[in-house]
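Trainee: I'd like a close look at one part of this model rather than a quick tour of everything. Could you walk me through it?

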Amino acid sequence: MELEFLVKKAQKGDGEAFIQLISQYELILYRTAKRLGLNDEDIADLLQETVLTAFEKIGTLKKAQYFNTWICRILLNNCYRFMKQHKQVVLLDSETLNALTHQDNLPLELDDMLNSLDDNHRIALTLYYVNGLTTKEISEFLSEPEGTIKSRISRAKQHLKNNYYVEEAQPQ
């Protein structure tokens with residue numbers, strides 16, 4: 001309820017309401033960009049661009065309850081455009097990877113597991129579990145059928161289960 005109220009105020013030009021909205025989603029946006037393998041400086045620029053675009057275009061948001069999906073879509077579009085322009089390949093040594101993982105508050109094992117997935121499966125899983133979007137929101141967000149999203153999440157979970165979950169035998 002508060003989200004819809006803040007969105008409507010922001011759409012009427014209330015800058016303070018917009019700032020409150022952004023502060024609620026900044027960690028989600030950061031984690032989403034980080035999952036794409038971007039460095040912190042580029043993420044900062046992309047987040048700034050995303051916030052500016054969102055501020056300018058908030059009037060185009062039709063349903064306030066989809067603010068999360070809408071702003072994540074703006075961020076992903078900015079990230080993909082940036083990665084395409086820079087054809088960026090990031091090489092990380094284990095020490096740097098460790099530091100990044102701890103900054104992101106995700107265990108190194110989870111980070112390794114997510115990185116073992118292809119882009120489509122990793123993005124679907126991240127949006128579902130890290131960002132908390134529903135399959136319907138992800139479907140709208142990625143402009144793909146909801147069944148495809150459910151399938152990707154299911155296959156990603158199965159891949160992780162097959163490759164990372166080892167049940168220890170308990171002797172009786």
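Trainee: Let's take the largest nonpolar core: how many residues does it have, and which of them have the most contacts inside it?

Mentor: Sure, and keep in mind that this is a predicted model. The largest nonpolar core has 44 residues, and the ones with the most contacts inside it are L21, F67, W70 and L142. Several helices feed into this core: α1 (2–11), α2 (15–35), α3 (40–57), α4 (67–86), α7 (119–130), α8 (135–142) and α9 (146–164) each supply at least two of its residues. The largest share comes from α4, with nine residues.

To get a feel for one of those well-connected residues, click on L21. Skip its neighbours within four places in sequence, and L21 is in contact with L3, L6, V7, A10, I58 and F67. You'll recognise F67 from the list of residues with the most contacts inside the core.

Now for the setting. The protein has nine helices and zero strands, so in sequence order you simply read α-α-α-α-α-α-α-α-α. Of the 172 residues, 38% are buried. If you take contacts between residues at least 6 apart in sequence, 63% of them join residues at least 24 apart. On the outside, the accessible surface comes to about 10700 Å², and carbon and sulfur atoms account for 51% of that.

Next, have a look at α7, one of the helices that supply the core. Its buried residues are H121, R122, I123, A124, L125, T126 and L127. Both ends of this helix are worth a zoom. At its start, a side-chain oxygen of D118 comes to within 3.0 Å of the backbone nitrogen of N120. Just after the helix, G132 takes a positive phi of about 75°.

While you're checking side chains, try the cysteines. C72 is buried, at a relative accessible area of 0%, and C79 is buried too, with 0% relative accessibility. As for disulfides, the structure holds zero.

Then there are the charged pairs. Side chains of opposite charge can pair when their charged atoms come close. The count here comes to five salt bridges, and three are worth going through for their surroundings.

Start with K34 and D40, where the closest N and O atoms are 2.9 Å apart. K34 counts as buried because its relative accessibility is 10%, under the 20% cut-off. D40, on the other hand, is partly exposed at 30%.

The salt bridge between E144 and R152 has its closest N and O atoms 2.7 Å apart. Here the arginine is the buried partner: R152 has a relative accessible area of 14%, while E144 is partly exposed at 25%.

Last up are K150 and E146, whose side chains meet in a salt bridge at 3.9 Å, N to O. These two sit in helix α9, and because they are four residues apart, about one helical turn separates them. Both ends of that pair are partly exposed: K150 has a relative accessible area of 47%, and E146 has 30%.

So if you want a route through the viewer, begin at L21 and its contacts, follow α4 for its nine core residues, and then turn to the salt bridges, including the one between E144 and R152.

Conventions: Residues numbered from 1 in each chain as written. Predicted model: local features only at pLDDT ≥ 70, side-chain atom pairs only at ≥ 80, totals over all residues. Heavy atoms only, no water. Core = buried A, V, L, I, M, F, W, Y, C linked by side-chain atoms within 4.5 Å. Buried < 20%, exposed > 50% of the residue type's maximum accessible area, 1.4 Å probe, protein only. Contact = heavy atoms within 4.5 Å. Polar contact = N/O pair within 3.5 Å; in protein donor to acceptor, adjacent residues only side chain to side chain. Areas by Shrake-Rupley, 256 points an atom, 1.4 Å probe, with all protein chains shown as cover. Disulfide = S-S within 2.5 Å. Salt bridge = Lys/Arg side-chain N within 4 Å of Asp/Glu carboxyl O.
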